[in-house]
Amino acid sequence: MATTVLDMSMSVDGFIAGPNVALDNGLGDGGTRLHEWLLGPDGSFDERRFADLTDSDRAVYEELMSTGAVIAGRGTFEPAGGWGGDHHDGVPIFVLSRHPAPPRFADMPLVTYTPDISTAVGRARAAAGDGSILVHGSGAASMLLAAAELDEIQLHVVPVLLGRGRQLVDELHAQVELELMSSRQGAEALHLRYRVRYP
């Protein structure tokens, strides 16, 4: 069965985006700093940038891009411009939202808006097969944790303190224990992967 994996870049003080996140400021003020380990200071990614990555950074990126489906919260998907309707390699994208898709995103064939977590996870698992499901966003993470549907968490911890912004998870109703699966040091980010332990 496909594994759901939250994958997020994060500051040392636990923020995944800076303050003032908006549709035209998807990572908030200063939030692009969290992705420089992969994209570089200019925010672009191409074959040359990929070739310059360390072995650890490259392996983490390749794992990320080999997933068979994506689950995201609306607050992550829409400010990211819906990733142009294709996060990677034509895999389906399930957006958790109580609202229907706005016109801008309604005609994206790979994108399905759904208010139901079980439906999103079930369809994503079917699409991903034996692969994994990439989970994006603090809202999606909180909802999947509450439903005991988040299997693993992969963090790319960047050596910066943002001081404020969007936290890794919005709200937890109970403490969640994690089991460290791997730790890899990249050129800058520390890549940590945990298994979620449910009671």
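How do the residues of the lining of the largest pocket divide into nonpolar, polar and charged? I opened the notebook with this point and worked outward from the pocket. The model I consulted is predicted.

**Entry 1. The largest pocket**

I looked up the composition of the lining and found 16 nonpolar, 12 polar and three charged residues. The space in this pocket comes to about 780 Å³. I noted that 31 residues line the pocket, and that Leu27, His35, Trp83, His87 and His136 are the closest to its centre. I then asked which elements contribute. At least two lining residues each come from strand E1 (3–11), strand E2 (15–17), helix H1 (36–39), helix H3 (55–64), helix H4 (74–77) and strand E6 (132–136). H1 gives the largest share, with four residues.

**Entry 2. The second largest pocket**

I recorded a volume of about 330 Å³ for the second largest pocket. Its lining has 17 residues, and the closest to the centre are Arg74, Gly75, Leu96, Gly139 and Met143. By class, I counted four nonpolar, nine polar and four charged residues in this lining. H4 and H7 each supply at least two of the lining residues, and the largest share, four residues, is from H7.

**Entry 3. Helix H7**

I next examined H7 itself, which covers residues 138–146. Which of its residues are buried? I listed Ser138, Ala140, Ala141, Ser142, Leu144 and Leu145. For the reading of such a list I kept in mind that an α-helix has 3.6 residues a turn, so residues three or four places apart point the same way. Just after H7, I noted a positive phi of about 55° at Ala148.

**Entry 4. Strand E4 and its partners**

I turned to strand E4, residues 93–96. In a regular strand the side chains alternate between the two faces of the sheet. In E4 both faces are covered: I found Ile93 and Val95 buried on one side, and Phe94 and Leu96 buried on the other. Strand E3 (residues 69–73) pairs with E4 in the parallel sense over four bridges, and Ile71 has Phe94 of E4 as its bridge partner. E4 also pairs with strand E5 (residues 111–114), in the parallel sense and over four bridges. In that pairing I located Leu96 opposite Thr114 of E5. Leu96 is also one of the residues closest to the centre of the second largest pocket.

**Entry 5. Val111 in strand E5**

I followed E5 to Val111, which lies in that strand. Is Val111 buried or exposed? I entered it as buried, because its relative accessibility is 11% and the cut-off for buried is under 20%. Leaving out residues up to four places away in sequence, Val111 touches Phe77, Gly85, Ile93 and Val95. I also checked the C-alpha distance from Val111 to Ala101: the two are 10 residues apart along the chain and separated by 9.0 Å.

**Entry 6. Aromatic pairs**

I searched the whole structure for aromatic pairs and obtained three. In the pair of Phe77 and Trp83, the ring centres are 5.5 Å apart and the planes stand at 80°, so I classed the pair as edge-to-face. The cut-off for that class is over 60 degrees. Phe77 is buried, at 0% relative accessibility, whereas Trp83 is partly exposed, with a relative accessible area of 22%. Ring pairs join Phe77, Trp83, Phe105 and Tyr113 into a cluster. I noted again that Trp83 is among the residues closest to the centre of the largest pocket.

**Entry 7. Val157 in strand E7**

I located Val157 in strand E7 (residues 152–158). Its relative accessible area is 17%, so I entered Val157 as buried. Beyond its neighbours within four places in sequence, Val157 is in contact with Met10, Ser11, Val12, Glu188, Ala189, Leu190 and Leu192. For Val157 and Asp42, 115 residues apart in sequence, I read a C-alpha to C-alpha distance of 19 Å.

**Entry 8. Positive phi values in loops**

I closed with two loop residues. Asn20, in the loop between E2 and H1, has a positive phi near 65° and is a residue other than glycine. Asp89, in the loop between H4 and E4, has a positive phi near 55° and is likewise a residue other than glycine. Is Asp89 buried or exposed? I entered Asp89 as exposed, because its relative accessibility is 68%.

Technical notes
Residues numbered from 1 in each chain as written. Predicted model: local features only at pLDDT ≥ 70, side-chain atom pairs only at ≥ 80, totals over all residues. Heavy atoms only, no water. Buried < 20%, exposed > 50% of the residue type's maximum accessible area, 1.4 Å probe, protein only. Pairing = 2+ DSSP bridges. 1 Å grid on protein atoms, 1.4 Å probe; cavity = no way out; pocket = protein on both sides within 12 Å on 5 of 7 lines; lining within 4 Å. Points joined across faces, edges and corners; volume = space filled by probe spheres on them. Nonpolar A, V, L, I, M, F, W, Y, C, P; charged D, E, K, R; others polar. Phe/Tyr/Trp six-rings, centres within 6.5 Å; stacked < 30°, edge-to-face > 60°. Contact = heavy atoms within 4.5 Å.
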